[in-house]
Amino acid sequence: MKINNITNHSKRSGISLLIGLCLLSCNEYLDIVPDDGMPTLETAFSMRTTARRYLTTCYSFMPRNGDHSADPTIFGGDELWYLIDPTSYDIPNFRIARGLQNATSPFSDIWDNMYKAIRVCNIFLENIPTVPDIPEWERQQWISEAKVLKAYYHFCLIRQYGPIPVVKENLSIDASVEAVRVSRDPADEGFNYIIQLLNEAIPDLPILVSDQAELGRITRPIAASLKAKVAVFYASPLFTEGNDNKTLKNRDGKRLFPDVTEDQKIARWNVAAEACREAIDICREANIELFQYSTRITIPDTIKLQQTLRSTVTEIWNSEIIWTNTQTPNIWLTNYEYAAMPNLARRQYPDNSQTRGNMGVNLKIADMFYTDNGIPLEEDKSWIDIDPLSLRTGGEAEKWYIRQNYVTAQMNFNREPRFYAYLCFDGGIWYGQKAETNDPNPNDLYWIACRVGGDQMRIDIFSGPITGYYNKKMVHYQTVFASASTVTHNFYPWPLMRYSDLLLLYAEAINEAEGPNGPRSAGLFESIDAVRIKAGVEGIKSAYGKYAINSAKYSTRQGMREIIHRERLIELLFEGHRFWDLRRWKEAPAEYAKPIETFNLTMSAPEDYYKRLQVFEQKFSDKDYFWPIRISIIEQNPNLIQNIGW
């Protein structure tokens, strides 16, 4: 094993902290091999070029965001649904959504890989000072990059497993068995260490990368924004209202979730608000701002706004992107788009089976979007007497997002722009696939017909539609059917953080710290309103004042909390945030209690199709907030205490 050979050449470097595993397979992630075939620390850190390769190795452990077979946020929650059929390919993470998680072989288990990653970062940090031919400014930058990665890997672990063993440095090779058998550290210690690493790293990181080829490397905006997100997690109810985890203790009796007083909760939110503000300032210095789509061709304002909203994620390196995962291979995104897209060109290529459309958006997600007044459907005065499932025919006013003269449900009309940019539905327009032209004709654009007899109806057990709504947001509008057997994809790195996320975290932290009427209320409303206005809806006070049943909802902390939470769930939909946000807010049980529903997909007449059918009843209990630690790890290290309920 290459790393073991390396560490045997230098006791100073130490061995990895195995965290309950006596051996880990580690022969795939170090490529520095001298002429005799034996890698050594002297080889890895003998010159700048090989040290840089080792830094690249530190990046290589980034979690596989966007890979629906590895990323639990894709099919492990309640946003998206998949085919349940014994003859179809079963995605492991989809079993999480169906309540089949287990402690013997947990799905989406990152424990081993993240601790390998931390070990590699520690080896880099221990040895980079010895590299002779590197400028001191660059050495400090690389050290900071490794610290941010080490902080992020710790954060991934604590977000998923709760309190974890914190690895500040690797153990020496002559460490005793008892020294290796570590215990979990309290949540406070884990978060504080992560924030300490980020504080150490931020000053020596560049505000921007100097070369396009370096995009994806850690910068000051990335580190500051990660610190803001970590601080918000630390202040959130999951880690401050741990009544259900009071009994989680190490064998020595140390509690892993210490009590948090009300004053301490407010203090954490104040720290989080300040971290968000600092990150926003740094992002502005780097010219990171809310994205606006631009094009040389003439398109209607409605389409242009939808393009702004869709391209915020899929337009590579746009102005709103803070951090993307460049380690996500294109094949994962290819599979994602295949699952998300219906066969838009079935009339042109009826036998093209590349896209399956077997990723469906749950109906409760469609319900979640605002009306065109910027108010939740159930809170909008103008919707009090409207049945969302009643039928309506698309007309001239809706021609850019609903097919003219097509009958669809009332719930697809008069919704906010993100509804049409993020989703597609029976009768909905899907801009793209065809060549862009000036002043397009709405009747020439692709549209979706999901009912039986329509071009996108379900044709077999392996294809969609699954629920009646498609995930349009995460498919690049220039991903097109190129022939009867091929699809041309436009790839983009998966977004980890963007400016809208940061603005909404800031609004949330201010509200939790002081409510909506405190000294920082202007910053609160400016932040959330900036996101809303970009999305084509009015600011909070204006929209609620004119259209809401409870026109003053935003004036209380609880009311504003509900508004901010909903704004995050809409704005960041499908990007991996809902899965974690519902957990940190401790709102997952209520949301998961809402049934998984579809339309009646086997029907052709609209009055029969638009009936809601329950297909699954999800369950979420206290134990589901955190992953189980794999039983084999605990068997090898009895000092590790299992999470409650597993």
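The lining of the largest cavity in this predicted model divides into 4 nonpolar, 6 polar and 2 charged residues. These residues are P342, N343, R346, T355, R356, G357, Q456, M457, S463, G464, P465 and Y470. The volume of the largest cavity is about 60 Å³, and a search of the whole structure returns 3 cavities of 30 Å³ or more.

**Pockets**

Two pockets are described next, beginning with their volumes and the make-up of their linings.

| Pocket | Volume | Lining residues by class |
|---|---|---|
| Largest pocket | about 730 Å³ | 21 nonpolar, 12 polar and 9 charged |
| Second largest pocket | about 480 Å³ | 12 nonpolar, 2 polar and 13 charged |

The largest pocket encloses about 730 Å³ of space. Its lining comprises 42 residues, and those closest to the centre of the pocket are M62, P63, R64, N65 and I110. Several elements contribute two or more residues to this lining: α4 (72-75), α6 (111-127), α7 (136-161), α10, β2 (321-325), β12 (494-498) and α21 (577-584). The greatest contribution to the lining of the largest pocket comes from α7, which supplies 5 residues.

In the second largest pocket, about 480 Å³ of space is available. A set of 27 residues lines this pocket, and M368, E378, R566, E591 and K594 lie nearest its centre. At least two lining residues come from each of α15 (363-368), α20 (557-571), α21 and α22 (588-592). Here α20 gives the most, with 7 residues. Helix α21 is thus named for the lining of the largest pocket and also for that of the second largest pocket.

**Helix packing**

Two helix pairs are considered, the first of which involves α7, already named as a contributor to the lining of the largest pocket. The axes of α7 and helix α9 (residues 187-201) approach within 8 Å and cross at roughly 160 degrees. Because angles over 145 degrees count as roughly antiparallel, α7 and α9 are roughly antiparallel to each other. The crossing of α7 with α9 is left-handed. On the α7 side, the contact is formed by S144, K147, V148, K150, A151, H154, F155 and I158, and on the α9 side by A187, G190, F191, Y193, I194, L197, L198, E200 and A201. By class, the residues of this contact are 11 nonpolar, 3 polar and 3 charged.

The second pair consists of helix α10 (residues 220-235) and helix α12 (residues 262-285), whose axes come within 8 Å and cross at roughly 160 degrees. Helices α10 and α12 are therefore roughly antiparallel to each other, and their crossing is left-handed. From α10, the residues in contact are R220, P221, A224, S225, K227, A228, A231, V232, Y234 and A235; from α12 they are R268, W269, A272, A275, C276, E278, A279, I282, C283 and E285. The contact of α10 with α12 is made up of 14 nonpolar, 1 polar and 5 charged residues. Helix α10 also belongs to the elements that give two or more residues to the lining of the largest pocket.

Technical notes. Residues numbered from 1 in each chain as written. Predicted model: local features only at pLDDT ≥ 70, side-chain atom pairs only at ≥ 80, totals over all residues. Heavy atoms only, no water. 1 Å grid on protein atoms, 1.4 Å probe; cavity = no way out; pocket = protein on both sides within 12 Å on 5 of 7 lines; lining within 4 Å. Points joined across faces, edges and corners; volume = space filled by probe spheres on them. Nonpolar A, V, L, I, M, F, W, Y, C, P; charged D, E, K, R; others polar. Axes fitted to C-alpha atoms, helices over the stretch in contact; angles between N-to-C directions. Helix = DSSP H or I, 4+ residues; strand = E, 2+ residues; numbered from the N terminus. Parallel < 35°, antiparallel > 145°, perpendicular 65-115°, else oblique. Left-handed = near helix turned anticlockwise from the far one by under 90°. Contact = heavy atoms within 4.5 Å.
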